[in-house]
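Q: Please take a close look at one part of this model, the place where two of its chains meet. Then describe some features of the chain on one side of that meeting place.

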Amino acid sequence: MTDETLPMPQSPFLPGTKVQFAWDSTSLGYLKTCPRLYQYHMLEGWVPKEESVHLRFGQEYHAAIQDYENLRSAGAGFEDAVRDTVRNLLVRIADFDPDPTTKAGHYKNPRTLLQLVVDYLDYYKDDPCETFILENGKPGVELSFRFELDWGPEGYVAPKEMRDAEPEEKWNQPYLLCGHLDRVVRYADELMILDHKTTTTTPSDYYFAGFSPNNQMTLYTFAGEVVLNTVIKGVIVEAAQICLETPNKFVRSPQYRSNEVIEEWLRDLEYHLNAAEAYAAANHWPMNDTACGNYGGCRFREVCSKPAAIRDRVLAADFIQLPPDQRWNPIKPR
Amino acid sequence: MSTDEPESDLDTLMSQDPLSLSNQDLDRIIAYQRKMRGLREAGVKVRKPKAEPGTVPKLDLATLMAKPAKESSSFKRRV
């Protein structure tokens, strides 16, 4: 089911609780990696000062590719589509001004973004992956999905005023899985999800090995099958390496998912969500101190390495706490 | 379409209101990106041009390397 057919709640949490009922791969990934990471980011809204640069760069890169796909499927020629994509990009990023003295801003700024987009469009001009056209005639790009699971948080009692005012089915909230599929493609007679990644590291075999098993790729395969009601073989991870002195590099790697893998992922999901409910009931999200070194080190490593009594001060000094309406929200449309 | 766009011209183009850019302006911007890619593929190191002499404050290495004057400590560690 897509966003067009579902009413849009405001919060992914059950009213008056810290029990999250709407999950996407990002929030689920935080929970699986480390409940304390989930607490700091999802519940309390702490973000490193540099995170906005990565997020904005990725969003604009995705938006540019989506623009291009829409223009091409509407009949625009290659050069015209590239020109309009660049025009729209420049309009959108007019206010994007990251600090070039930071590593994030050095690699991810308007110039590197523009170069990356032009390089990408030229590189995939004759793309062997064909964009899947939906039944409504639109290209299968940036598809938001949101669908219910057949179970929900247990032991949750809705606030009395809600129970009095709403029919019972309204407050028996099932879990929702949400997210955005970058592109649905037909490749070698098979339907797959294509996911864009930007990275400053080399997209080697080691890089791609990180996507199997992988929470996001399994969820996206499952979601693709639910949303499109057809067989999806897996996800093509498409890495764009941002280089400053050598040409930007683009590499794709198919990550297949069998039904057995998806079923196992769903079984495990129930345990993970049960654990999330238990953490919320206890109002405690334990630290997984074996995950602190993952992917170059957790953003909150410095915080967790300090005594508990002073962590709030460290957070306040080195991080920004977003207001609730700006925090990561799986049900917020892109 | 020119591919010999000097970087300073590109800076000028990119600093303009994007809505005011003509198709020709956009083609020049795209051509510049393609030229830069070509240079990188050819192994030419692409860097931003150096600033004009006199526009960047000079660093005084002698001052930077000098040891700071010894200040009297306001407290001493007890042994």
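A: What follows goes from the interface to the interior of one chain.

The model is a predicted one. Where chain B and chain A meet, 24 residues of chain B are in contact with 21 residues of chain A. The size of an interface is often given as the accessible area lost when the parts come together. For chain B and chain A this buried area is about 2000 Å², and carbon and sulfur atoms account for 53% of it.

Charged and polar pairs also occur across this boundary. The rule finds 6 salt bridges between chain B and chain A. A salt bridge between side chains joins R83(A) to D27(B), with 3.0 Å from N to O. Residue pairs in polar contact between chain B and chain A number 10, counting those with both residues at pLDDT 80 or more. On the side of chain B that touches chain A, α1 (7-15) and α2 (23-41) of chain B each supply at least two residues. The largest share of that side comes from α2(B), with 12 residues. By type, the residues on the side of chain B that touches chain A are 12 nonpolar, 2 polar and 10 charged.

Within chain A, a pair of helices can be described next. Two packed helices are described by the angle between their axes and the distance between the axes. Helix α3 (residues 51-73) and helix α4 (residues 78-92) of chain A have axes that come within 9 Å and cross at roughly 145°. The crossing of α3(A) and α4(A) is right-handed. On α3(A), the residues making the contact include R56(A), E60(A), A63(A), A64(A) and Y68(A). On α4(A), F78(A), A81(A), V82(A), T85(A) and L89(A) are among them. The residues of this contact between α3(A) and α4(A) divide into 8 nonpolar, 2 polar and 6 charged.

Helix α3 of chain A also takes part in a link to a strand. Over all chains, the rule counts 19 salt bridges. One salt bridge is formed by R183(A) and E69(A), whose closest N and O atoms are 3.7 Å apart. R183(A) belongs to strand β5 (residues 176-187) and E69(A) to helix α3 of chain A, so this pair ties together parts that are 114 residues apart in sequence.

Two details of the backbone of chain A remain. A188(A) lies in the loop between β5 and β6 (190-199) of chain A. The phi of A188(A) is near 50°, a positive value in a residue other than glycine. P213(A) is placed in the loop between α9 (205-209) and α10 (215-228) of chain A. The peptide bond from S212(A) to P213(A) is cis, and its omega is near -5°.

Conventions. Residues are numbered from 1 along each chain as its sequence is written. Chains are lettered from A and ligands numbered from 1 in the order in which they are written. This is a predicted model: local features need pLDDT of at least 70, side-chain atom pairs count only at pLDDT 80 or more; totals for chains, interfaces and linings use all residues. Side-chain values use heavy atoms; hydrogens and water are left out. Axes are lines fitted to C-alpha atoms, for helices over the stretch in contact, and angles run from 0 to 180 degrees between N-to-C directions. Helices (H or I, at least four residues) and strands (E, at least two) are DSSP runs, numbered from the N terminus. A crossing is left-handed if the near helix is turned anticlockwise from the far one by less than a right angle, and right-handed if clockwise. Contact means heavy atoms within 4.5 Å. Ala, Val, Leu, Ile, Met, Phe, Trp, Tyr, Cys and Pro count as nonpolar, Asp, Glu, Lys and Arg as charged, and the others, Gly among them, as polar. Buried area is the accessible area (1.4 Å probe) that two parts lose on being put together, summed over both. A salt bridge is a side-chain nitrogen of Lys or Arg within 4 Å of a carboxyl oxygen of Asp or Glu. A polar contact is a pair of N or O atoms within 3.5 Å; within protein, one must be able to donate a hydrogen and the other to accept it, and residues adjacent in sequence count only if both atoms are side-chain atoms.
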